[in-house]
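Visitor: Please take a close look at a single part of this model. Then follow its connections outward.

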Amino acid sequence: MSQSILIVGGGLAGLTAARLLHQAGIGFKLLEARDRLGGRILSVDTTGQPSDDGFDLGPSWFWPGMQPAMGALVDILGLQYFEQNSDGDVIFQRMPEGQPQRYRGMRQEPRSMRLAGGTAALISALAEGLPAESIELNAQVTHVSLDDEGVVVQYLDASGSSVKERASHVMFALPPRLLEARILFSPALDFATAERWRHTPTWMAPHAKFFALYDRPFWREQGLSGTGQSMVGPLVEIHDATTASGKAALFGFVGVPAAERAAAGRDAIITASVQQLTRMFGPEAARPHATLFKDWAEDALTATADDRQAGGHPSPDRRPWVNGKWSDCISLAGSETSITEPGYLAGAVEAATRITTDLISRSHQTGSYASATI
């Protein structure tokens, strides 16, 4: 029987795994449910469309000094990065009726870094070196089953047709909680495994980000860093989001819980956020030429109902993520499963690299891999 490796999920972890397999000369197929690669990495233009010089609606920072593997990957791919702007004073908003206070800023250590072009530059660079025929978008996996010959993965393709793919091993490069909620396993997962997946917080899933885009970073002219903190909201943490190419923006994390965001509605949150920026940064903040808003809790390919309640950050856990009958034929490689930095970009790289290195080692003992469609 020819063997195959199937990757489910085309975010940073899935593409890192695909790159390593391709470099090792091992065939693979990658299935991504969205109509784009990147997963929770999403860099967009002023209209909210994916862009190669965009604003990061998902993760945007990494720390090469603390995350050497992440830094090495960025360097190998030839990507440029720059420091998150923090030069200048910070604004702190304590009470709704009080005036925001200005404080002298302090240099952050380690410095947060951002990729030129947006974090999606990482996705584009990884995908560029992969065979296009090995990647299928709009492929939503629904069932995974075991038989005497291996694993059978059933998914809906772009036309809505049901397709079955056979594999010797399936790597799930997506959050454990999402995997448990969206995909049916036969035989069923053991109770302890299913419960652990369900109770693992999904990075980004409870959060929402708001961007206000401007013609120039006027706050810098006032000696402000663009950094702000608020006990009033709706934005609780604000930063300068100006791109490497000079497109000016402020962004903030929305502190309103997911259920309340849904009840208030997108427009109300955007209006309140602009009003808040105006109170904190002055009248020029009232005139953005565009706004962006992304509520990850409303993204069905990121969040489940359990993610509507913030559950903290995933913690490192070295216990096996798969047990019983499934232990030899599936693996989990999403950021949440990292043994060093779960819930970060670097965590996705670590988890995918560790799992894929093990699969490559196994392949030297069991023969070459090739895909096979039923």
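**The parallel sheet and its surroundings**

Guide: Take the open sheet of 5 strands, ordered β9-β2-β1-β13-β20, with parallel pairing. Its edge strands, β9 (135-136) and β20, each pair on one side only. Strands (E, at least two residues) and helices (H or I, at least four) are DSSP runs, numbered from the N terminus. Two strands pair if DSSP finds at least two bridges between them.

This is a predicted model: local features need pLDDT of at least 70, side-chain atom pairs count only at pLDDT 80 or more, and totals for chains, interfaces and linings use all residues. Residues are numbered from 1 along each chain as its sequence is written, and side-chain values use heavy atoms, with hydrogens and water left out.

Now the pairing of β1 (residues 5-8) with β13 (residues 169-172). The two strands run parallel and share 4 bridges. Ile5 has His169 of β13 as its bridge partner. Helix α1 (residues 12-23) packs on this sheet and touches β1, β2 (29-31) and β13. The direction of α1 makes about 160° with that of β1. Axes are lines fitted to C-alpha atoms, for helices over the stretch in contact, and angles run from 0 to 180 degrees between N-to-C directions. Contact means heavy atoms within 4.5 Å.

Edge strand β20 leads to two other places. One is helix α5 (residues 191-198). Its residues Thr193, Ala194, Arg196 and Trp197 are buried. They cover an arc of only 165° around the axis, so they lie on the same side of α5. The arc is that of the directions from the helix axis to the C-beta atoms. Buried means under 20% relative accessible area, exposed over 50%, partly exposed in between (1.4 Å probe, protein chains only). Cover for the buried residues of α5 includes β20 (330-332), α4 (176-182) and β14 (184-186). On the face turned away from the buried side sit Phe191 and Ala192, both exposed.

The other place is the loop between β20 and α9 (345-366), where Ser338 is found. Ser338 is buried, with a relative accessible area of 0%. Leave aside its neighbours within four places in sequence: Ser338 then contacts Pro316, Asp317, Gly347, Glu350, Ala351 and Arg354. Leu156 is 182 residues from Ser338 in sequence, and the two C-alpha atoms are 29 Å apart.

Leu156 leads to strand β11 (residues 150-156). In β11, 5 of the 7 residues are buried, so the rest of the structure largely encloses this strand. Strand β10 (residues 140-147) runs antiparallel to β11, with 7 bridges between them. A hairpin through 2 residues joins β10 to β11. Asp147 stands opposite Gly150. On to strand β12 (residues 162-167): β11 and β12 pair in the antiparallel sense over 6 bridges. Here Val153 of β11 faces Glu165 of β12. The hairpin of β11 and β12 has 5 residues between the strands, and Gly160 takes a positive phi near 90° there.

There is also a mixed sheet to compare. It is open, with 7 strands in the order β7-β6-β16-β17-β18-β15-β19. β7 (101-103) and β19 are its edge strands, each pairing on one side only. Neighbouring strands of this sheet are turned by 20° against each other on average, direction ignored. At one end, β6 (residues 89-93) and β7 run antiparallel and are joined by 3 bridges. Phe92 stands opposite Gln101 in β7. Helix α8 (residues 266-281) packs on this sheet, touching β6, β15, β16 (224-230), β17 (235-240), β18 (248-254) and β19. The direction of α8 makes about 65° with that of β17.

At the other end, β15 (residues 208-214) and β19 run antiparallel, with 6 bridges. Asp295 of β19 is the bridge partner of Ala208. Edge strand β19 (residues 290-295) is mostly covered, with 5 of its 6 residues buried.

Last, the whole chain. It has 9 helices and 21 strands. Of its 374 residues, 54% count as buried. Among contacts between residues at least 6 apart in sequence, 69% join residues at least 24 apart. The C-alpha atoms fill a box of roughly 70 × 40 × 40 Å along the principal axes. The radius of gyration is 22 Å, which agrees with the value near 21 Å for a compact globule of 374 residues. That radius is taken over C-alpha atoms, and the globule rule is 2.2 Å times the number of residues to the power 0.38.
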